[in-house]
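Welcome, and thanks for taking a look at this one. Please have the sequence and the 3D view open side by side as you read.

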Amino acid sequence: MKKQWWHEKVAYQIYPKSFKDTNGDGIGDLRGIISKLDYLKDLGIDIIWISPCYKSPFADQGYDISDYYNIDPVFGNMSDMEELIAEAKKRDMYILMDLVVNHCSDEHEWFQKALADPDGEHGKYFYIEECKDGKLPCNWRAYFGGSVWEQIPGTDKYYFHAFHKKQPDLNWENPVVREKIYEMMNWWLDKGLAGFRIDAIINIKKVLPFKDYPADREDGLCDIGYMLAEAEGVHEFLQEMAEKTFRPHQAFSVGEVFNAKEDELGAFIGDKGCFSSMFDFSQTICGHSLKGWYDSDDITPDEYKNCCFTSQRQAGKVGFLSNIIENHDESRGVSRYIPRGDQSEISKKLLATAYFMLKGLPFIYQGQEIGMENLKLDSIDCINDINTLDEYQVALDAGLSPEEAIKTVNRFSRDNARTPFQWSAEENAGFTTGKPWLFVNPNYTEINVNEQLGRKESVLNHYKKLIMLRKNKEYKDTIVYGEVVPVMADVQNLMAYYRMGEKQTLLVLANFQKEERTVTLEMPYKRVLLDNYGQEQWYDNITDKKNILLKEYQAVILEM
């Protein structure tokens, strides 16, 4: 594997609407991010990915872009973005923006021109089909529910949208569209961006001509995933993108890829792959059902570790994965991967240790570093997320009561990760002096940055320790490039793996349960590098270096 500038880094995702508000309108802004750069630098962050802040009508919270060349006024202006890039550079930090080019907003100039003349030049920027007999071109279900086809008012023509009806898909088969996208990307890279996180990119390739698949619900529609599994040729588009944008700028790129086959990993993230890295989503999709969230299962600790180990084995020496436990599209990791009712600072630090020490680029989502948790809602009226509203209706249609439906969507709602960042115990968690655009999690008085900053064994300071260990000159080659070798994989509720480098071997042990256990090691350990109970020095006095007692949800990193 060819070493790259970003391999040793640590990345952080900001959802700007909920990060920090500086003008009192209840919405986070770019100046809020600038004001917290020193906080992120102190945490140990190098790369900052910012979710969309382009001009948008916010049908899908900014992932519906109406102007790629402008900042939405709710976030600030282009001068603010230029200042953010410059201030980050002063701190040796790198800014990534979200690249949303599978679709745009229906308010984008291109689509407005397509509506005015569906048969004209801009009509070819999208997928527009004539349906005189009323039969749609295919029966695919959009990600947010309903058909992927929406009628153009006053005509017998329909346009394709894989997501919301206000997010028409761009026609990547049209070379003019691709060139327009590359031109925009290079404009941003020339402005000083370090690269992009690439949204929903696998969807750019469709099976054409459109065709039906067997229906999987009573609505007569099918999951769009059936089409994606059959679609071929996306790598040709992505390699072209890399050649014309990423490579000339030595830019970092991380792809949102949900359905990559093992034999495709090299094409995605190999030395000649189209992306620098791609997210490992194996844990986030584990247990999900095609029927909907209501039919999805909680993930067990053993399923979690097996997902991690499978992904690590598949990536192997091919390339770098980007490892996460949550993002803006997922519920909070500590509420998803720690068994219900077992959330505590100790278990949160265990989960941090277990995922952070895997091979790859660790991403931290805002609030993860203080252990922010899911919401506890009892009414759908509080929900903002369009995906959650759709899944709530799916649950009702399946026969669940409103009480049962809200309970099941609470587990996976994207609003869980979008509530305002909890900076302090002050009103509105120190996020804003105005009325927040989305309600604050009531637990902000207990879980917040100010409370954790000065407390040595807080979740926040545990993340700092993990980052410092990753960057420690003595261990960083092993942590960054060392092989992941699972050990004691058949032991229930124990996640254990070696990081084997050229100079040393580290062992990560994570006891995913309340019960204590004694673990017998294959070789004696030399020293304890990190312990989520904060008692590293205690182990130095133990004479038996092969048998280690793990307490409730204890995680340790050992040098062997």
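What follows is a short briefing on strands, helices and a few single residues.

This is a predicted model. Two sheets are described here: a closed barrel of 8 strands with parallel pairing, and an open sheet of 5 strands with antiparallel pairing. After these come two helix pairs and two buried residues, Lys17 and Gln452.

**The closed barrel**

- Going round the barrel, the strands follow the order E1-E2-E5-E10-E12-E13-E14-E15, and their pairing is parallel. From one strand to the next, the twist averages 25 degrees.
- Strand E5 spans residues 94–99, and 5 of its 6 residues are buried, so E5 is largely enclosed by the rest of the structure.
- On one pairing of E5, strand E2 (residues 47–50) runs parallel to E5 and is joined to it by 4 bridges. Here Ile47 stands opposite Tyr94 of E5.
- E5 also pairs in the parallel sense with strand E10 (residues 195–198), over 4 bridges. Asp98 has Arg197 in E10 as its bridge partner.
- Further along the order, strand E12 (residues 252–255) and strand E13 (residues 277–279) run parallel and are joined by 2 bridges. Gly255 can be found opposite Met278 of E13.

**The open sheet and the helices on it**

- The strand order of the open sheet is E16-E17-E18-E22-E20, with antiparallel pairing. Its edge strands are E16 (483–486) and E20 (527–531), each of which pairs on one side only. Direction ignored, neighbouring strands of this sheet are turned by 25 degrees against each other on average.
- Within the sheet, strand E18 (residues 505–511) and strand E22 (residues 555–559) run antiparallel, and 5 bridges join them. Look for Leu506 opposite Glu559 in E22.
- Helix H10 (residues 301–315) lies across E16 and strand E17 (494–500), and runs at about 25 degrees to E17. H12 also packs on the sheet, where it touches E17, E18 and E22, and the direction of H12 makes about 145 degrees with that of E18.

**Two helix pairs**

- What angle do H12 and H17 make as they pack? Helix H12 (residues 345–356) and helix H17 (residues 459–471) pack at about 20 degrees, with their axes 10 Å apart. The two are therefore roughly parallel to each other, an angle under 35 degrees being the cut-off for that term.
- H12 passes H17 in a right-handed crossing. On the H12 side, the residues that meet H17 are Glu345, Lys348, Lys349, Ala352, Thr353, Tyr355 and Phe356, and on the H17 side they are Val459, His462, Tyr463, Leu466, Ile467 and Arg470. This contact is made up of 7 nonpolar, 2 polar and 4 charged residues.
- The second pair is helix H5 (residues 175–190) with helix H7 (residues 234–249), which pack at an angle of about 25 degrees with their axes 10 Å apart. H5 and H7 are therefore roughly parallel to each other.
- The crossing of H5 past H7 is right-handed. H5 contributes Arg178, Glu179, Tyr182, Met185, Asn186, Leu189 and Asp190, which meet Phe237, Glu240, Met241, Lys244, Thr245, Phe246 and His249 of H7. By class, the residues of this contact are 6 nonpolar, 3 polar and 5 charged.

**Two buried residues**

- Lys17 sits in the loop between strand E1 (11–14) and helix H1 (30–35). Is Lys17 buried or exposed? With a relative accessible area of 12%, Lys17 is buried.
- Leaving aside neighbours within four places in sequence, the contacts of Lys17 are Ile27, Gly28, Phe58, Gln61, Phe75, Phe431 and Trp437. Glu264, 247 residues away in sequence, is 35 Å from Lys17, C-alpha to C-alpha.
- Gln452 belongs to helix H16 (residues 449–453). Its relative accessibility is 1%, so Gln452 counts as buried.
- Beyond its neighbours within four places in sequence, Gln452 has contacts that include Glu345, Glu369, Ile370 and Val459. Glu345 also appears among the H12 residues that meet H17, and Val459 among those of H17.
- Between the C-alpha atoms of Gln452 and Phe268 the separation is 39 Å, with the two residues 184 residues apart along the chain.

Terms used:
Residues numbered from 1 in each chain as written. Predicted model: local features only at pLDDT ≥ 70, side-chain atom pairs only at ≥ 80, totals over all residues. Heavy atoms only, no water. Axes fitted to C-alpha atoms, helices over the stretch in contact; angles between N-to-C directions. Parallel < 35°, antiparallel > 145°, perpendicular 65-115°, else oblique. Left-handed = near helix turned anticlockwise from the far one by under 90°. Contact = heavy atoms within 4.5 Å. Nonpolar A, V, L, I, M, F, W, Y, C, P; charged D, E, K, R; others polar. Pairing = 2+ DSSP bridges. Buried < 20%, exposed > 50% of the residue type's maximum accessible area, 1.4 Å probe, protein only.
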